[in-house]
Amino acid sequence: MESDSVAVNTQDFGKLQHGCEHYKRRCKIRAPCCDQIFSCRHCHNEATSSLSNPKEHHEIVRHDIKQVICSICNTEQQVAQVCSNCGVKMGEYFCDICKFYDDETEKKQFHCDECGICRVGGRENFFHCQKCGSCYTVGLRDNHPCIENSMKCSCPVCYEYLFDSVKGAIIMKCGHTMHTECYSEMANQHQYRCPICSKTVFDMSNQWRLLDAEIEAMSMPDEYKFQSSAMTATQKAKPPFTF
């Protein structure tokens, strides 16, 4: 019993004390693409995208990561949840497919086989839409317009790739997708149409009623009153259209 307690204490050593702005974890990764060491794939992508030479810009393929470095004992080793040298658990949550580590399990991480990546929010709260090709909250099951691979595109506002973005996304009434925060910012800027198809994505009925009321309250200029009344009389006299 005592040995089991020691093993647990060893595995939990340094939990939530290491990592980066993106994840709390007790290891770093060696990027297979450039052989450099980074705290996580986001740190790698941010660093490489800021290089002065555009030809050197690249993103890491998470599934290709083979080596990690323990943040406790600095031992480089093959991907695994527990350090082969000091026995610490390098991530309370660990996915051997995505090579993903995270100590903050309150995020409720889970791996979606259909998406091929890990997501957060709890498996019980999401379903995978086969046509859209992505996971959505269960509230959208049979309650959203399906567009094939709708999440496998860039946000039309900030241009970040949506499918594996760490930010939340929203499906608009037209079926197109964007980041939730970009959607809110668009509304704050009084932009009410989808940037892709230009369809209205908000309920504008109140605005239309206000406009109708304003138009109704405006008096017709004298030079147009006769034309308006004549047009109305003509419309009333016109027989219904038949085939």
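## A tour of two pockets

The second largest pocket has a volume of about 430 Å³. To find its middle, select Arg41, His42, Asn45, Glu59 and Asp164, the closest to the centre among the 16 residues that line this pocket. Now colour the lining by class: you should count 7 charged, 5 polar and 4 nonpolar residues. Keep in mind as you look around that this is a predicted model.

Next, move on to the largest pocket, with its volume of about 710 Å³. Which residues lie nearest the centre of the largest pocket? Select Arg119, Val120, Ser165, Val166 and Lys167 to see them; the whole lining has 31 residues. Colour by class again, and the lining of the largest pocket shows 16 nonpolar, 8 polar and 7 charged residues.

Which elements supply at least two residues each to this lining? Select the helix α2 (41-49), then the strands β6 (100-102), β8 (117-119), β10 (134-137) and β11 (169-171). Pause on β10, which gives the largest share of the lining of the largest pocket, 4 residues.

Finally, zoom out and switch to a cartoon view. The chain has 5 helices and 12 strands for you to trace. How many of its 243 residues count as buried? The share is 32%. Turn on the contacts between residues at least 6 apart in sequence, and 31% of them join residues at least 24 apart. End with the surface: the chain exposes about 15600 Å², and 52% of that area comes from carbon and sulfur atoms.

Technical notes:
Residues are numbered from 1 along each chain as its sequence is written. This is a predicted model: local features need pLDDT of at least 70, side-chain atom pairs count only at pLDDT 80 or more; totals for chains, interfaces and linings use all residues. Side-chain values use heavy atoms; hydrogens and water are left out. Buried means under 20% relative accessible area, exposed over 50%, partly exposed in between (1.4 Å probe, protein chains only). Contact means heavy atoms within 4.5 Å. Accessible areas come from the Shrake-Rupley method with a 1.4 Å probe; for residues, only the protein chains shown count as cover. On a 1 Å grid over the protein atoms alone, a cavity is a set of points where a 1.4 Å probe fits but cannot get out, and a pocket is an open set with protein on both sides within 12 Å along at least five of seven lines; lining residues have an atom within 4 Å of a point. Grid points are joined across faces, edges and corners, and a volume is the space filled by probe spheres set on the points. Ala, Val, Leu, Ile, Met, Phe, Trp, Tyr, Cys and Pro count as nonpolar, Asp, Glu, Lys and Arg as charged, and the others, Gly among them, as polar.
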